[in-house]
Amino acid sequence: MAALEGVEMTGPLHERYDEILTPEALSLLAHLQREFGARRKELLEARAERQRKLSAGGTLDFLPETAGVRSDETWRVAEPAPGLVDRRVEITGPTDKKMTINALNSGAKVWLADFEDANTPLWNNMIEGQLSLRDALDRTIDFTDPKSGKSYALKADEELATIVVRPRGWHMEEKHLLVDGEPMSGSLFDFGLYFFHCARRQLDKGKGPYFYLPKMESHLEARLWNDAFNLAQDHLEIPRGTIRATVLIETIPAAFEMEEILFELRDHSAGLNAGRWDYLFSVIKKFRDRGADFILPERNSITMTAPFMRAYTELLVSTCHKRGAHAIGGMAAFIPSRRDAEVNKAALEKVRADKTRESGDGFDGSWVAHPDLVPVCREVFDGVLGDKPNQRDRRREDVTVSAGDLLNIKATPGDITEAGLRGNIDVALRYLAAWLNGSGAVAIHNLMEDAATAEISRSQVWQWIYNGISTKEGRKITKEWVAELLDEELAKIRTELGDAYDEPGYNEAVELFKQVTLADEYQEFLTTPAYVHFP
């Protein structure tokens, strides 16, 4: 591989990696990093400054300086691109070979090919995921399960889901690629490699290079993405507007800037998604040190009918349809059981109720985490949409949401119990052990969990400790008590797993859990210190 000036790759080159990490692809990555790296850091500092103001007693509101964007009734986002007109069912998952084939074959309209929360940013995962996507488009991908011997192959192209890639958020770096001595933005790394190798492949198949954009907190971050899209399209001499991107509204600051985010990306926009689990994490994080008015009950008792969550999703649908954009619903994380009929029945009933509410609210489609949930989601949306590809024409002009509605955290019903505290510790430990071992999407207690789960769990525990919260049973949650419960929950996991218990892995998970839960200073993201553990 020819060396590029100022570009240093520290990750190993395994078989076929040179097909992805070509000099031409690395040239685009370097161009993106040099053009936007400094601006990315400025925007991350703006996040930190906003947090300082919130911690000092400030609040969030709709921006007065962008009132003109919100009041201007004339602008619309671009019309839906091929493969993104009908999005009634979307499936999510990482980009390993097996998931790539199963997701594309699942019957869903869209596959969110995930380099973010359902993935761990191991170097091998990032590059082999790019290979999976390119091979899928070339129809050269195949997989045989070494345990079962079962072989997996793609169906005909017309039966496959549309690929929409989710790169890492702006806060993440790719430490294995240095540009002028600094680690590259993980967002630009993931985006740039997929775009370089697959944009023309997708266009040749009658679709295009499409993306899901995570973790944004402001319209200025959306503007940065829009500028990166224009640079990349110009670089490959592909017309501007070819890229389409759906933004996950999964931070509470972004909820106040939905219209502005659509406006910044209007020529590249494919709508907004209600990323509800990360949204809960963001609410906890942003108001973590603000006392009882911002304390949520234990995570399993928070439902989408909580007033602040209802306000958020209603505003999202009305905002999108006002601007001609798709509104995509949240994740159904339940995992059907092929062995336990009762578990399966309960899971399907919950999914059906969730999707019925979303379709009734005007969402154009929704997410599932497992192929077995595609039929029930499709059935519910079929019942509302019929032969229509979406319901973007349903304006929801009845919706009026104020800043106070979005911030009405204290009206959320539910308790904080010892069982809920133990549950947070248990799930966080199990997920962290799997994450550190390279798995980002993990089945835990019949739910498909990703990084948002661990973020909510550890953030709630930190918040409860910091604010001196007591459980419903009357015991104050302290560092000392959490440390005791940590030992007890770990012992339960060890007993349950028996010979399958990974002692070193769980020891590492415990230390990381303590680092992000029992420390005096709150860590903005769990994945940032966790990434240090990777080679």
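**Exercise 1. State which residue of β8 stands opposite Glu-173, and describe the sheet around this pair.**

Step 1. Glu-173 faces Ser-185 of β8. The model is predicted: local features need pLDDT of at least 70, side-chain atom pairs count only at pLDDT 80 or more, and totals for chains, interfaces and linings use all residues. Numbering runs from 1 along each chain as its sequence is written, and side-chain values use heavy atoms, with hydrogens and water left out.

Step 2. Strand β7 covers residues 173-179 and pairs with β8 in the antiparallel sense over four bridges. Two strands pair if DSSP finds at least two bridges between them. Strands are DSSP runs of E with at least two residues, helices runs of H or I with at least four, numbered from the N terminus.

Step 3. The sheet is open, has three strands in the order β1-β7-β8, and its pairing is antiparallel. β1 (7-9) and β8 (182-185) are the edge strands, each paired on one side only.

**Exercise 2. Check the length of helix α5 against its expected span, and say how many of its residues are buried.**

Step 1. The expected span is 1.5 Å times one less than the number of residues. For the 16 residues of α5 (residues 123-138) this gives 22 Å; the end C-alpha atoms are 23 Å apart, which agrees.

Step 2. Buried means under 20% relative accessible area, exposed over 50%, and partly exposed in between (1.4 Å probe, protein chains only). In α5, 12 of the 16 residues are buried, including Trp-123, Met-126 and Arg-134.

Step 3. Just after α5, Arg-139 has a positive phi of about 60°.

**Exercise 3. Classify the ring pairs Phe-191 with Phe-229 and Tyr-501 with Tyr-506.**

Step 1. Rings of Phe, Tyr and Trp (its six-membered ring) pair if their centres lie within 6.5 Å; planes under 30 degrees apart are stacked, over 60 edge-to-face, and the rest tilted. The whole structure holds 21 aromatic pairs.

Step 2. The centres of Phe-191 and Phe-229 are 5.3 Å apart and the planes lie at 50°, so this pair is tilted. Phe-191 belongs to helix α6 (residues 186-204) and Phe-229 to helix α7 (residues 219-235), 38 residues apart. Both Phe-191 and Phe-229 are buried.

Step 3. Tyr-501 and Tyr-506 are stacked, at 5.0 Å centre to centre and 15° between the planes. Tyr-501 is buried, with a relative accessible area of 11%; Tyr-506 is buried at 7%.
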